[in-house]
Amino acid sequence: MTTYVISVPGTFTGAVPDVTKDRLARALRPADPHRTHLGDEEDLDALSVNDDGTFTMRLTVEADSRAHAEGRAQEVADSALRAAGLDRGSAPLGPTIVTGIDSDV
């Protein structure tokens, strides 16, 4: 298994209170990129929110391939949105992007 660091971009379609953003960040904690060597070096946060309502979730997932990693990242992102009381209608997600591979090889 390989650890992939994946970025999942999205956009809040309306105003989202800070408490909801905090819940979303907490829901992402198990997939926090700081838990990898790459995340420590790059100082990656699990959730970054911009003033215009766009955001990026940076996740770590274990997978056998890039395709499986991207699919798993979508699952983690969807689950975190639901945990924060959001859905794909209120926070649509863009395509996943592999931004790093943390491997001993």
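Let me start with the overall make-up of this chain, whose secondary structure comes to three helices and four strands, and which, when read along the sequence, follows the pattern β-α-α-β-β-α-β. Please keep in mind throughout that this is a predicted model.

On confidence, the chain has a mean pLDDT of 87, with 84% of its residues reaching 70 or more. The stretch to treat with caution is residues 38-42, over which the pLDDT is below 50, although in the model this stretch still has ten contacts beyond near neighbours in sequence.

Turning to the chain as a whole, 42% of its 105 residues count as buried. If we take the contacts between residues at least 6 apart in sequence, 72% of them join residues that are at least 24 apart.

Now to the helices, and first a word on how such a pair is specified: two packed helices are described by the angle between their axes and by the distance between those axes. Here, helix 1, which covers residues 18-27, packs with helix 3, which covers residues 66-83, at an angle of about 140°, and their axes are 8 Å apart. Because only angles over 145 degrees would count as roughly antiparallel, that value makes helix 1 oblique to helix 3. The crossing of these two helices is right-handed. Which residues of helix 1 and helix 3 make the contact? On the side of helix 1 they are Arg23, Leu24 and Ala27, and on the side of helix 3 they are Ala80, Leu81 and Ala83. Sorted by character, the residues of this contact divide into five nonpolar and one charged, with no polar residue among them.

Let me move on to strand 3, which spans residues 54-63 and in which Thr56 is found. Is Thr56 buried or exposed? Its relative accessibility is 19%, and since the cut-off for buried is under 20%, Thr56 counts as buried. Leaving aside residues up to four places away in sequence, Thr56 touches Ser7, Val8 and Pro9, and also Ala46, Leu47 and Ser48.

Leu59 lies in strand 3 as well, and with a relative accessible area of 0% Leu59 is buried. How far apart in space are Leu59 and Val98? Measuring from C-alpha to C-alpha in the model, these two residues are 9.6 Å apart, while in sequence they are separated by 39 residues.

Notes. Residues numbered from 1 in each chain as written. Predicted model: local features only at pLDDT ≥ 70, side-chain atom pairs only at ≥ 80, totals over all residues. Heavy atoms only, no water. Axes fitted to C-alpha atoms, helices over the stretch in contact; angles between N-to-C directions. Parallel < 35°, antiparallel > 145°, perpendicular 65-115°, else oblique. Left-handed = near helix turned anticlockwise from the far one by under 90°. Contact = heavy atoms within 4.5 Å. Nonpolar A, V, L, I, M, F, W, Y, C, P; charged D, E, K, R; others polar. Buried < 20%, exposed > 50% of the residue type's maximum accessible area, 1.4 Å probe, protein only. pLDDT = per-residue confidence, 0-100.
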